[in-house]
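Here's a quick walk through a protein and its bound ligand. Have the sequence and the model open side by side as you read.

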Amino acid sequence: MADHSLPAAESPLAEVMVTQHSVAVAASGTAALAVRGLGKRVRLPSGELTILDGIDFSIDPGDTVAIVGASGSGKSTLLSLMAGLDTPSSGDVILDGEALSTLDEDGRARVRGAKVGFVFQNFQLLPSLTALENVMLPLELRGDRDAEGPARAILQQVGLEQRLDHYPRQLSGGEQQRVALARAFVTRPSLLFADEPTGNLDSRTGQAIIELLFSLNAQAGTTLVLVTHDDHLADRCGRRLRLDGGRLVAAESQAA
Ligand SMILES: Nc1ncnc2c1ncn2[C@@H]1O[C@H](COP(=O)(O)OP(=O)(O)OP(=O)(O)O)[C@@H](O)[C@H]1O
Ligand SMILES: [Mg+2]
């Protein structure tokens with residue numbers, strides 16, 4: 001069995017990342033993300049359901065933000081809208097200065113590919129690809145010549161060097177979650193969205209993933225937006241946004 005310990009803040013990977021991102025963050029001056037009057041409604045046979053209503057906030061580059069709230073309060077929906085994976089019924093998301101409402105599906109995909117890493121609540125690994133191939137995919141999609149080297153390196157970082165050739169069905173829930181995290185990190189995004197990133201992990205592996213996330217933030221300036229029920233993880237974030245019934249009820253600053 002492999003040792004699942006992860007290197008903490010001093011990881012060589014994070015050091016490589018710092019060069020690219022601290023420069024980008026310093027130069028941009030704009031919010032990493034702004035959410036303006038955001039609403040999401042769906043039409044159901046029983047009538048219209050409001051999932052999110054009038055959400056406003058912005059996130060500075062390098063911020064760490066926890067989105068908290070009860071099950072069904074709209075956290076995953078908000079995360080998908082922020083990342084341009086879903087379209088709002090009203091309002092807009094401005095991602096690194098680009099209003100997503102002005103972009104078509106291809107435009108949003110381009111912004112995502114260039115800037116965004118996303119970890120889904122249910123992982124969404126491709127079942128016909130191995131762990132290594134799943135992590136290589138975003139690099140291949142953007143035309144990187146060497147996808148395998150960085151993919152191997154990051155899978156090692158999350159403690160999965162012994163599982164490279166396993167298909168998702170041959171991995172435990174926590175292992176799938178770590179592959180999903182590796183796939184989201186591997187493109188070195190400036191913004192990382194993760195839906196319950198420690199939800200399926202034992203406390204030791206969860207703690208190691210938290211250290212990896214925050215080492216990306218500290219050393220590469222990666223903006224973190226994390227949906228979580230884990231108080232320990234939320235406490236590590238600089239801010240907490242609380243949703244209740246699709247509305248933002250509190251935006252709390254906290255000591256990081
Ligand atoms: N496409 C949809 N059609 C109808 N209802 C939806 C749709 N998507 C989400 N909902 C409803 O909107 C609400 C918010 O869903 P969402 O997945 O954002 O919640 P959440 O805060 O992430 O919950 P959890 O903590 O359980 O993951 C839920 O009540 C859900 O049933
Ligand atoms: Mg959710």
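How do the residues of the shell around ligand 1 divide into nonpolar, polar and charged? The model is a predicted one, where local features need pLDDT of at least 70, side-chain atom pairs count only at pLDDT 80 or more, and totals for chains, interfaces and linings use all residues. Residues are numbered from 1 along each chain as its sequence is written, while chains are lettered from A and ligands numbered from 1 in the order in which they are written.

Here is the split for the shell, with Ala, Val, Leu, Ile, Met, Phe, Trp, Tyr, Cys and Pro counted as nonpolar, Asp, Glu, Lys and Arg as charged, and the others, Gly among them, as polar.

| Class | Residues around ligand 1 |
|---|---|
| Nonpolar | 3 residues |
| Polar | 8 residues |
| Charged | 1 residue |

Among the residues surrounding ligand 1 are Val42, Leu49, Ser73, Lys75 and Gln121, a residue being near if its C-beta atom, placed from the backbone, lies within 6 Å of the molecule. Two elements, β2 (47–59) and α2 (75–82), give two or more residues each to that shell. Of these, α2 gives the most, with 3 residues.

Stepping back, the protein has 8 helices and 10 strands; these are DSSP runs, numbered from the N terminus, with helices (H or I) of at least four residues and strands (E) of at least two.

Now for Arg36, which sits in strand β1 (residues 33–44). The C-alpha atoms of Arg36 and Asp56 are 4.8 Å apart, though 20 residues separate them along the chain.
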